[in-house]
Amino acid sequence: MRTLIVLVNDKSGERMERVRLKNTQASVIGRAWHSDVIVQDKFVEADHLSIQLSDEGLLHVCDLDSTNGSTIAGKPVEGSAVYRFGDVIRIGDTNLQIYDAADGVAPAAVRSSWFLLIDRFKGVPAVLGLTLVALALHLASSWLFASEPVLANDVVTIVITALVVLVAWTLLMSFGSKLLRGEGNMRAFWVLGCLILGLLEIATLLLAILRFNLQRVDVGSLLSTVTYSAIAILLLVGALTFATHMQRRSKWVFSTLLVLTIVGLFRSDEWLKPEHEKWTAQTQTESVTLPPAFLWRAPVSLSQFESDAERVFDFELAQD
């Protein structure tokens, strides 16, 4: 007697069936009530296929002359085929996978700290309280940094705008999570949005205090870039945790590279500005209108340019 586990994924959902087989004894999978494994699929025959153990202990899958046929790992089953445990069997619109119950299962996955964090906000009161705290921090930040007095109408506008952004973020990420992970996780994305909003407002206030006391524009700009980049990386890692099945290291590497790329694109103008000013000053002095070969190359004088041209092309430039 050998016990097999059949993982069935049909229109009723995903479930597991336990099948006990003796050597040379066949079990039938189909839509009929007498089938050993019943599948709810109109494209599956009453008796669609059978599974049977050989004397050597190999599992054979046999298609029972079905109308729509069967495949194993994408290959059509013609008559009988030896089955390798874990391969996907496709019948109609249903996927089957067979495992040996004697084989061990993988160790339990370690639950992500992100899910443990979200579990702290299970009830409606906890989520509502977090939302109110995030909105209060957003209002306080808007009031502190406002150039004009904040009136009642402004408060309503600020709150509605923040709520609209949170709702749009939650719906968009939940839709992506449903496509990629198979579950919406709306509460998780709402809580994540509120946490990041509150963290962003606190960071903005602390950075403003630091910049005021440091009186160094370059240091303040660097601190702002590093802080906002770190918050963006946290947001991306959290979103990927709830929306995908990516590994922990892959999420951090992907988020970091994406944020660094975006920061580099936005800061490239600022980093290349000194080089641009240097080249502009050189062209105004030497009356050179040709651009440098590379943006980061040091400017050359007109005489040096003429000398290099004569050496490379082996001719002398005409002198006026």
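Me: Which residue's side chain meets that of arginine 84 in a salt bridge?

Reply: This is a predicted model, in which local features need pLDDT of at least 70, side-chain atom pairs count only at pLDDT 80 or more, and totals for chains, interfaces and linings use all residues. Residues are numbered from 1 along each chain as its sequence is written, and side-chain values use heavy atoms, with hydrogens and water left out. A salt bridge is a side-chain nitrogen of Lys or Arg within 4 Å of a carboxyl oxygen of Asp or Glu. Here the N to O distance is 3.4 Å, and the partner of arginine 84 is aspartate 87.

Me: Is aspartate 87 buried or exposed?

Reply: Buried means under 20% relative accessible area, exposed means over 50%, and partly exposed lies in between (1.4 Å probe, protein chains only). Arginine 84, at 59%, counts as exposed. Aspartate 87 has a relative accessible area of 15%, so it is buried.

Me: How many salt bridges does the rule count?

Reply: One of them joins arginine 90 to aspartate 93, with the closest N and O atoms 3.8 Å apart. Arginine 90 is partly exposed at 33%, and aspartate 93 is partly exposed at 48%. The count of salt bridges is six.

Me: Which residues are linked with Arg15 in a network of salt bridges?

Reply: Arginine 15 has a salt bridge to glutamate 17, where the closest N and O atoms are 2.9 Å apart. Arginine 15 is partly exposed at 22%, and glutamate 17 is partly exposed at 25%. The residues linked with Arg15 in the network are Asp10 and Glu17.

Me: In what order do the five strands form the open sheet?

Reply: Helices (H or I, at least four residues) and strands (E, at least two) are DSSP runs, numbered from the N terminus. Two strands pair if DSSP finds at least two bridges between them. The edge strands, which pair on one side only, are S4 (37-38) and S9 (80-83). The pairing is mixed, and the order is S4-S3-S5-S6-S9.

Me: Do S3 and S4 pair in the parallel or antiparallel sense?

Reply: Strands of a sheet pair through backbone hydrogen bonds, either parallel or antiparallel. Isoleucine 29 has valine 37 of S4 as its bridge partner. S3 and S4 have two bridges, and their sense is parallel.

Me: Which residue in S5 is the bridge partner of valine 28?

Reply: Strand S3 (residues 26-30) and S5 run antiparallel and are joined by four bridges. S5 (residues 49-53) is mostly covered, as four of its five residues are buried. In S5, the partner of valine 28 is serine 50.

Me: Which residue in the turn of the hairpin of S5 and S6 has a positive phi?

Reply: S5 and strand S6 (residues 59-63) run antiparallel, joined by five bridges. One pair is leucine 49 with aspartate 63 in S6. The hairpin has five residues between its strands, and the one with a phi of about 90° is glycine 57.

Me: Which side chains along S6 point to one face and are buried?

Reply: In a regular strand the side chains alternate between the two faces of the sheet. His60 and Cys62 point to the other face and are not buried. On the buried face are Leu59, Val61 and Asp63.

Me: How many disulfides does the rule count?

Reply: A disulfide is a pair of cysteine sulfur atoms within 2.5 Å. Cysteine 62 is partly exposed at 25%, whereas cysteine 194 is buried at 1%. The count of disulfides is zero.

Me: Which helix gives the largest share of the nonpolar patch?

Reply: Patches are made of residues with over 30% relative accessible area and no salt bridge, like charges being joined within 9 Å and nonpolar side chains (Val, Leu, Ile, Met, Phe, Trp, Tyr) within 5 Å. Trp143, Leu144, Phe145, Ile202, Leu205, Leu206 and Ile209 form this one, with about 690 Å² of accessible area together (Shrake-Rupley method, 1.4 Å probe, only the protein chains shown as cover). Helices H2 (124-144) and H4 (186-214) each give two or more residues. The largest share, four residues, comes from H4.

Me: How far apart are the end C-alpha atoms of H4?

Reply: The expected span of a helix is 1.5 Å times one less than its number of residues. H4 has 29 residues, so it should span 42 Å. The distance in the model agrees, at 41 Å.
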